[in-house]
Amino acid sequence: ATPTAVMVATGVGANNGVLIKGGDALERAQKVKYVVFDKTGTLTQGKATVTTAKVFTGMDRGEFLTLVASAEASSEHPLGKAILEYARHFHFFDEPLATKDAQNHSKESNFSGWLLDVTEFSALPGRGVQCFVDGRQVLVGNRKLLTESGVTIPTHAENFLVELEESAKTGILVAHDNILIGVLGVADPLKREAAVVIEGLGKMGVRPVMVTGDNWRTARAVAKEVGIQDIRAEVMPAGKADVIRSFQEDGSVVAMVGDGINDSPALAAADVGMAIGAGTDIAIEAADYVLMRNNLEDVITAIDLSRKTFSRIR
Ligand code: ADP
Ligand code: MG
């Protein structure tokens, strides 16, 4: 393609909300064989919502939710934010707080005075969070986090987790002083266009793959809904780039689509990194393409544009 053709294509991309960082990136996209999608925030809307909260001990529900929300209060993770939102809503609306009228709720919802004091908070990427409340350890996260800390997961809790995961939800476990006290279920719906885009890629001869830090069962359920057969789950943040490299081993050109800080090493490792414009700045920086409309159809637009630009001269 001539420099002019590249310039024109870059302009066409920009007009469609597909920002391309340079002619090399534009050229590489035509040869893409695999498109590896991050799950959370990329295939899904990234709007996690708590759908269930089950307390296993005698602890009061409000007390349980306040404890979990306090542990997640400093978390940047979408799951942490969803839990905080759910607990806040319960605290201000579901409790019999008759003196508070509706107008006060919104003001008060930005007020964190209802949360407990937390010490020694740490976010454990790919696992969850850990902290102390009143000198007692609180763990909120996945099986890996709890198991590593020596928390036993009783059969009834495990059964409940499996039930959540088979319906595409993420199960979050809560331990207090190393005893499992409850489980939360979080749902994050697929983007509306996701399944159509996966089908479209298949028709173009491109193979879709899903990679996620989430557990295998939830990953399988989501993959089934969206129509992806090839998945890698329970991948630690640093492992996503290795997944990309494994697909590149035979010389295949690999694209990665992601939105999170976790995705940036993989976006950099990919031949074509595509960041969701609504994602984190670090991901956008690591990528060759930025999809400003937050619409997965633009993955197809990007590959099409490259194919059209570079096929004419052959
Ligand atoms: P993804 O690839 O889906 O973005 P992450 O690597 O961010 O996944 O997280 C993987 C898993 O770690 C989550 O599915 C969840 O089980 C657990 N996790 C991570 N952060 C938190 C948190 N703040 N609270 C609870 N669980 C968490
Ligand atoms: Mg993500």
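This short talk walks through the helices, the nonpolar cores and the ligand surroundings of one predicted model.

Before I start, residues are numbered from 1 along each chain as its sequence is written, while chains are lettered from A and ligands numbered from 1 in the order in which they are written. Since the model is a prediction, local features need pLDDT of at least 70 and side-chain atom pairs count only at pLDDT 80 or more, whereas totals for chains, interfaces and linings use all residues.

Let me begin with helix H14, residues 297-311, where helices are DSSP runs of H or I with at least four residues and strands are runs of E with at least two, numbered from the N terminus. H14 has 15 residues and reaches 21 Å from its first C-alpha to its last, close to the 21 Å expected at 1.5 Å a residue, the expected span being 1.5 Å times one less than the number of residues. Which residues of H14 are buried? They are Asp298, Val299, Ala302, Ile303, Leu305, Ser306 and Thr309, and buried means that 20 or more other C-beta atoms, placed from the backbone, lie within 10 Å of a residue's own. They cover an arc of only 155° around the axis, which puts them on the same side of H14; the arc is taken from the directions from the helix axis to the C-beta atoms.

Turning to the cores, a nonpolar core is a set of buried Ala, Val, Leu, Ile, Met, Phe, Trp, Tyr and Cys residues joined through C-beta atoms within 7 Å. The largest one has 50 residues, and among those with the most contacts inside it are Val35, Met274 and Ala287. Strand S2, residues 32-38, gives this core its largest share, five residues. A second, separate core of 33 residues includes Ala53, Leu65, Leu67 and Leu145.

Leu65 and Leu67 also appear among the buried residues of helix H4, and the cover over that helix's buried residues includes strand S3 (49-55) and strand S8 (179-187).

Finally, what surrounds ligand 1? There are 23 residues around ligand 1, of which Thr40, His77, Gly128, Asn142 and Gly213 come nearest, a residue being near if its C-beta atom, placed from the backbone, lies within 6 Å. By class, this shell has five nonpolar, 13 polar and five charged residues, where Ala, Val, Leu, Ile, Met, Phe, Trp, Tyr, Cys and Pro count as nonpolar, Asp, Glu, Lys and Arg as charged, and the others, Gly among them, as polar.

Terms used. A residue is buried if 20 or more other C-beta atoms lie within 10 Å of its own, exposed if 12 or fewer, and partly exposed in between; C-beta atoms are placed from the backbone. Two residues are in contact if their C-beta atoms, placed from the backbone, lie within 7 Å.
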